[in-house]
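Let's take a look at how some strands pair up, what the cysteines are doing, and what lines a pocket. Have the sequence and the model open as you read.

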Amino acid sequence: MNAERFRLRAAELVEYCREHGYNTRIALLWDLSMHSGRRRLALWNFDEDRAEHIFVASHGSGSRRAHVPSAYARTSNVDGSHLSSQGRALIGERYEGRYGTAYRLDGLDDTDSALRARCVVLHGWRYTPSFAVWPLPAVGSWGCPAVSRHAMTILDRRLRDESKVVLWAFFRP
């Protein structure tokens with residue numbers, strides 16, 4: 001996977017992080033405009049200006065279509081929509097929950113301000129594949145950025161040593 005698609009957004013995000021006092025070492029970049037069966041969530045290293053890893057990540061499939069996987073994301077900030085939200089989010093506290101290790105998310109933009117109230121979290125999930133499955137879609141979540149359990153182990157190892165890390169869910173123009 002060519003990480004160049006993330007480089008421009010990373011440059012924009014590191015400036016935002018500097019201005020707001022967030023982490024300027026690493027971030028997560030989630031390209032919602034990509035097909036869900038492709039690797040589209042990057043663990044970005046700002047110091048090295050590169051993706052350390054790029055993972056498949058499930059997106060919200062919506063309350064009416066939860067049983068039908070959609071390869072392309074639609075977004076909402078409405079509780080009960082079961083859709084992912086576009087925007088920047090602060091990765092909050094780590095906890096062990098229903099899906100194992102997870103991190104709460106606090107939306108930083110108007111488009112994702114309800115993440116915590118909606119219980120949208122970053123977590124591993126046994127149904128999200130560890131490898132690209134394109135042209136098939138990844139199974140949809142209920143709005144959470146859900147990665148494979150293996151990917152969550154990698155992310156957890158990195159996130160445990162950091163604070164104020166931002167996850168940015170975006171669509172490329």
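Start with Leu90: its bridge partner in β5 is Asp106. This is a predicted model, where local features need pLDDT of at least 70, side-chain atom pairs count only at pLDDT 80 or more, and totals for chains, interfaces and linings use all residues. Residues are numbered from 1 along each chain as its sequence is written, and side-chain values use heavy atoms, with hydrogens and water left out.

Here are the two strand pairings (strands are DSSP runs of E, at least two residues, numbered from the N terminus; two strands pair if DSSP finds at least two bridges between them).

| Pair | Direction | Bridges |
|---|---|---|
| β4 (residues 87-97) and β5 (residues 100-107) | antiparallel | seven bridges |
| β5 and β6 (residues 121-124) | antiparallel | three bridges |

A hairpin of two residues links β4 to β5. Over on the β6 side, Ala102 sits opposite His123.

Now, how many disulfides does a search of the whole structure find? Zero, counting a disulfide as a pair of cysteine sulfur atoms within 2.5 Å. Cys144 goes unbonded because the closest cysteine sulfur, in Cys119, is 8.5 Å away, too far for a bond. Cys144 is also buried, at 10% relative accessibility (buried means under 20% relative accessible area, with a 1.4 Å probe and protein chains only). Cys17 is buried too, at 1%.

Finally, β4, β5 and β6 each supply at least two residues to the lining of the largest pocket. β5 gives the most, with four residues.

Terms used. Buried < 20%, exposed > 50% of the residue type's maximum accessible area, 1.4 Å probe, protein only.
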